[in-house]
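Colleague: I should like to learn how the features of a structural model are read, one at a time. May we work through an example together?

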Amino acid sequence: MDYHAYRHALAHHLEGSELPFPIDEFRHRLKRTRSLMIEKGRDALLLTDPADIFYLTGYHTFEVSVHTALVVTAERLVLQVPSIETGPAVVTATVDEIIGYRWENIDEVIEPLLALLSSYQHIGLDVFSAGLRQGIIQPLLHRLGKARFHNDGGVLLDSQRLVKSEAELNYLRESARITSIGLQAAEAIIEPGVTDNAVAAEGARAMLAAGSEFMSLQPIVTSGQRISVIHVNHKRTHIEAGDPVFLEFGSAYHRYTAPMMRTAVAGKATTEMHDIAEVCRTIYAALKETMHPGNTFDDAAQAAEAALAPHADRVFFSGVFGYSVGAQFPPSWVEGTGYIARGLKHRFEENMVFHLPLCLRLPGVWGVGLSDTVQVTAKGGVAITDNDWQINERG
């Protein structure tokens, strides 16, 4: 049985059986996308970002390293997948047509895409998508002409994905619940002599047991001086007495992730640790107060910077006070559609959702990280996750 026969046989039994939302949710998204395409003068979109494809079709798989594409026009929605992804396409996606290519022969991708796109004159691309491969886009540009292609395809999806539907908010709330379970389980085993790997393993076990799917980013656990180095992870390090332990977890529920940061101590926290945690709380309060519909992302960043300013020369902070979260795939849960940072003039709207990753690091010493995933409401930012914004003293 080849993959064509497999697809048809599978469809007879399981077509659409794992669609992550009711069909009306996808119909609404597609209608909105097509309306935006008309406004922008685009008669086709070529999308290659796994999260964009998921948003419009429901298609999801853990194998996101292979070429996959979605062609959106006024008439059709066509999903191109490699032969090994035929099964996920059949059971998770709602599209008009699935076309395949042999996984082992990427050259088979080009001709079907040319056939799908050749009659369209204004094709939107997401040029910042990691899935837009030069080996595929260059032949399309050469044979169809560069003038047909426009670099705003991703923007059309970003503007929609930033504002969450009630169904999406429910999935984020469920992720938040599972994330909290993982953090509680991980913190409970922190004590001198335990490794950061053991803490991460316990958190992962608890989240998977509570219902998490494969996560977009695995649990992050560091301790002591290693906290002061941004974006390192567990590495068989033994936790020492008095060490702070940084944890950042995010479960996945129908691919939606609501992350949270916590900091615990293997013993008693020092006065300085409590002081840094208080700075995190002050920044957090300033952000929530400013995250009102109509305010800009820059407004919130400036309020947060004012709270950080008395300590800015002493601690390292990434410069991004929040980033949008929603449905995503490895290697990150960052949605990439919006950032709360200086100079960004996009305006908050109700039901946008941001993770506020407030980790302050003393270089070479340690760090304290606390965060919530926050929904924008008419009253400002409201937490979806349940952080108590305290340092958990384990001893």
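Colleague: To begin with a single residue, in which strand is the place of G100?

Modeller: G100 belongs to strand β4, which spans residues 97-101. Please bear in mind throughout that this is a predicted model.

Colleague: Is G100 buried, partly exposed or exposed, and why?

Modeller: Burial is read from relative accessible area, where under 20% means buried and over 50% means exposed. The relative accessibility of G100 is 22%, so G100 counts as partly exposed. As for its place relative to another residue, V78 is 22 residues away along the chain, and the two C-alpha atoms are separated by 11 Å.

Colleague: Let us turn to a helix. How many residues has α10, and how far does α10 reach?

Modeller: The span of a helix is compared with the value expected at 1.5 Å a residue. Helix α10, residues 271-290, has 20 residues and reaches 29 Å from its first C-alpha to its last, close to the expected 28 Å.

Colleague: Which residues of α10 are buried?

Modeller: The buried residues of α10 are M273, I276, A277, V279, C280, I283, Y284, A286, L287 and T290.

Colleague: Next, the aromatic side chains. How many aromatic pairs does the structure hold?

Modeller: There are 13 aromatic pairs in the structure. Take F348 and F354: their ring centres are 5.7 Å apart and their planes stand at 80°, so the pair is edge-to-face. Both F348 and F354 are buried.

Colleague: What is described by the two values you quote for such a pair?

Modeller: A pair of aromatic rings is described by the distance of the centres and the angle of the planes.

Colleague: Which residues form an aromatic cluster?

Modeller: One aromatic cluster is formed by F21, F26, F54, Y171, Y253, Y256 and F329. A charged side chain may also be placed relative to a ring: R29 lies over the face of F26, at 5.4 Å from the ring centre. The charged end of R29 also sits over the ring of Y55, 4.2 Å from the centre of that ring.

Colleague: How many cavities of 30 Å³ or more does a search of the whole structure find?

Modeller: The search finds one cavity of that size, with a volume of about 30 Å³. Its lining consists of A51, F54, Y55, R161, E168, Y256, A327 and E335. Helix α3 gives the most to this lining, with three residues. By class, the cavity lining has five nonpolar, no polar and three charged residues.

Colleague: And the open spaces: what is the volume of the largest pocket?

Modeller: The largest pocket has a volume of about 640 Å³. It is lined by 37 residues, of which D49, P50, F128, S129 and A130 are the closest to its centre. Two or more lining residues come from each of α3 (50-57), α7 (153-161) and β11 (334-340), and β11 gives the most, with five. The lining divides into 15 nonpolar, 13 polar and nine charged residues.

Colleague: How much space lies in the second largest pocket, and which residues are the closest to its centre?

Modeller: The second largest pocket holds about 510 Å³. Among its 23 lining residues, I220, I230, H231, E248 and Y323 are the closest to the centre. Elements giving two or more residues to this lining are β7 (220-223), β8 (244-249), β11 and β12 (353-362). The largest share, three residues, comes from β12. By class, this lining has 16 nonpolar, five polar and two charged residues.

Note on methods:
Residues are numbered from 1 along each chain as its sequence is written. This is a predicted model: local features need pLDDT of at least 70, side-chain atom pairs count only at pLDDT 80 or more; totals for chains, interfaces and linings use all residues. Side-chain values use heavy atoms; hydrogens and water are left out. On a 1 Å grid over the protein atoms alone, a cavity is a set of points where a 1.4 Å probe fits but cannot get out, and a pocket is an open set with protein on both sides within 12 Å along at least five of seven lines; lining residues have an atom within 4 Å of a point. Grid points are joined across faces, edges and corners, and a volume is the space filled by probe spheres set on the points. Helices (H or I, at least four residues) and strands (E, at least two) are DSSP runs, numbered from the N terminus. Ala, Val, Leu, Ile, Met, Phe, Trp, Tyr, Cys and Pro count as nonpolar, Asp, Glu, Lys and Arg as charged, and the others, Gly among them, as polar. The expected span of a helix is 1.5 Å times one less than its number of residues. Buried means under 20% relative accessible area, exposed over 50%, partly exposed in between (1.4 Å probe, protein chains only). Rings of Phe, Tyr and Trp (its six-membered ring) pair if their centres lie within 6.5 Å; planes under 30 degrees apart count as stacked, over 60 as edge-to-face and the rest as tilted. A charge sits over a ring if NZ of Lys or CZ of Arg is within 6 Å of the ring centre and within 35 degrees of the ring normal.
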